[in-house]
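This report goes through a few chosen residues and the surroundings of the ligand. Please keep the sequence and the structure at hand while reading.

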Amino acid sequence: MRRVIIAGNWKMNKTISESIELVNGLKRELFGVESIDIVLIPPYTALSGISDMLTDSNIELGAQDLHWEEKGAFTGEVSPVMLKDVGVKYVVIGHSERRTYFGETNETVNKKVKAALREGLLPIMCIGEHLEEREAGKAFDVIEDHLRGGLKGIAGEDALKIVIAYEPVWAIGTGKTATPEQAEEAHKYIRGLLAKIYDKTVAEGLRIQYGGSVKPENIKELINEPDIDGALVGGASLKVEQFVPIVKGSLKKGA
Ligand code: PEP
């Protein structure tokens, strides 16, 4: 049985005081929710403070990116060792915004996934097609390319520690959600590929989240799909009144 994981990616939002307010609200509303994994992914500047606030809580901490080297002359970058040091458990890798605006490729994603695993961090590896690719009938080719590229050289036992986030780029921040059927079709396809790349154990054990305009109104129908194990939430993770119902809407499956 795969444990449901709901993660909130705050992207480049929230000052320290805004972060504290949001985390206080989420801690209060989500106290005692233990049957699923809840992860907050704030900007780097808020990680240390939030890490302290989440000590002994049911909510876990994630980061939005990392560099693959341990340390050195890489101005502006943050290493896996530093993330571990601040109490991070999960790290998003290869988000479509990183791929689009900052030149991430399958190769850099793969290096980052390996570096995260080496340091004992759990990667949330994002994959997914653009609208033109879907319209050209290439969605599944892109998914396969991102999946194989990102997982290159990673053994099955390590792959089981990875969460794949299927995020069709056309659904991110657009208010346009993939239908539950479209999302399930992609998740099932990814699971089939995992069985080919690895085996049945990895295919059935690895968690696959859906991401793209997840809201309180659509979480239930998405999470009810057999191959959807959670959600990576952007915009709706910035407000207590939106993120809480998304978490609570996923509980039935996690129970
Ligand atoms: C995301 O950034 O991963 C995302 C899914 O954003 P949104 O929920 O705003 O579409």
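## Selected residues and the ligand site

Leucine 54 is found in the loop that runs between helix H2 (44-53) and strand E3 (59-63). The model is a predicted one. With a relative accessible area of 7%, leucine 54 is buried, because the cut-off for that class is under 20%. Its C-alpha atom is separated by 18 Å from the C-alpha atom of leucine 122, and the two residues are 68 residues apart along the chain.

Serine 19 belongs to helix H1 (residues 16-30). A relative accessible area of 1% makes serine 19 a buried residue. A polar atom of the serine 19 side chain lies 2.7 Å from the backbone oxygen of threonine 15.

Two residues other than glycine have a positive phi, and they are taken in turn here. For lysine 14, phi is near 85°. Lysine 14 is part of the loop between strand E1 (5-9) and H1. Is lysine 14 buried, partly exposed or exposed? Its relative accessible area is 25%, so lysine 14 counts as partly exposed.

For serine 213, phi is near 55°. Serine 213 is placed in the loop between strand E7 (207-211) and helix H11 (219-223). Serine 213 is buried, with a relative accessible area of 14%. Serine 213 is also among the closest residues to the ligand.

The ligand is surrounded by 14 residues, and the closest are Lys11, Glu167, Gly173, Ser213 and Gly234. By class, this shell is made up of four nonpolar, eight polar and two charged residues. Which pocket holds the ligand? The ligand sits in the second largest pocket.

The table gives distances from protein atoms to an oxygen atom of the ligand.

| Residue | Protein atom | Distance to a ligand oxygen atom |
|---|---|---|
| Lysine 11 | polar side-chain atom | 2.6 Å |
| Glycine 173 | backbone N or O atom | 2.6 Å |
| Glycine 235 | backbone N or O atom | 2.8 Å |

On its own, the ligand has 290 Å² of accessible area, and the protein covers 96% of this. In the contacts tabulated above, lysine 11 takes part through its side chain, whereas glycine 173 and glycine 235 take part through backbone atoms.

Technical notes:
Residues are numbered from 1 along each chain as its sequence is written. This is a predicted model: local features need pLDDT of at least 70, side-chain atom pairs count only at pLDDT 80 or more; totals for chains, interfaces and linings use all residues. Side-chain values use heavy atoms; hydrogens and water are left out. A residue is near a molecule or strand if one of its heavy atoms lies within 4 Å of it. A polar contact is a pair of N or O atoms within 3.5 Å; within protein, one must be able to donate a hydrogen and the other to accept it, and residues adjacent in sequence count only if both atoms are side-chain atoms. Accessible areas come from the Shrake-Rupley method with a 1.4 Å probe; for residues, only the protein chains shown count as cover. On a 1 Å grid over the protein atoms alone, a cavity is a set of points where a 1.4 Å probe fits but cannot get out, and a pocket is an open set with protein on both sides within 12 Å along at least five of seven lines; lining residues have an atom within 4 Å of a point. A molecule sits in a cavity or pocket if more than half of its atoms lie within 2 Å of its grid points. Ala, Val, Leu, Ile, Met, Phe, Trp, Tyr, Cys and Pro count as nonpolar, Asp, Glu, Lys and Arg as charged, and the others, Gly among them, as polar. Helices (H or I, at least four residues) and strands (E, at least two) are DSSP runs, numbered from the N terminus. Buried means under 20% relative accessible area, exposed over 50%, partly exposed in between (1.4 Å probe, protein chains only).
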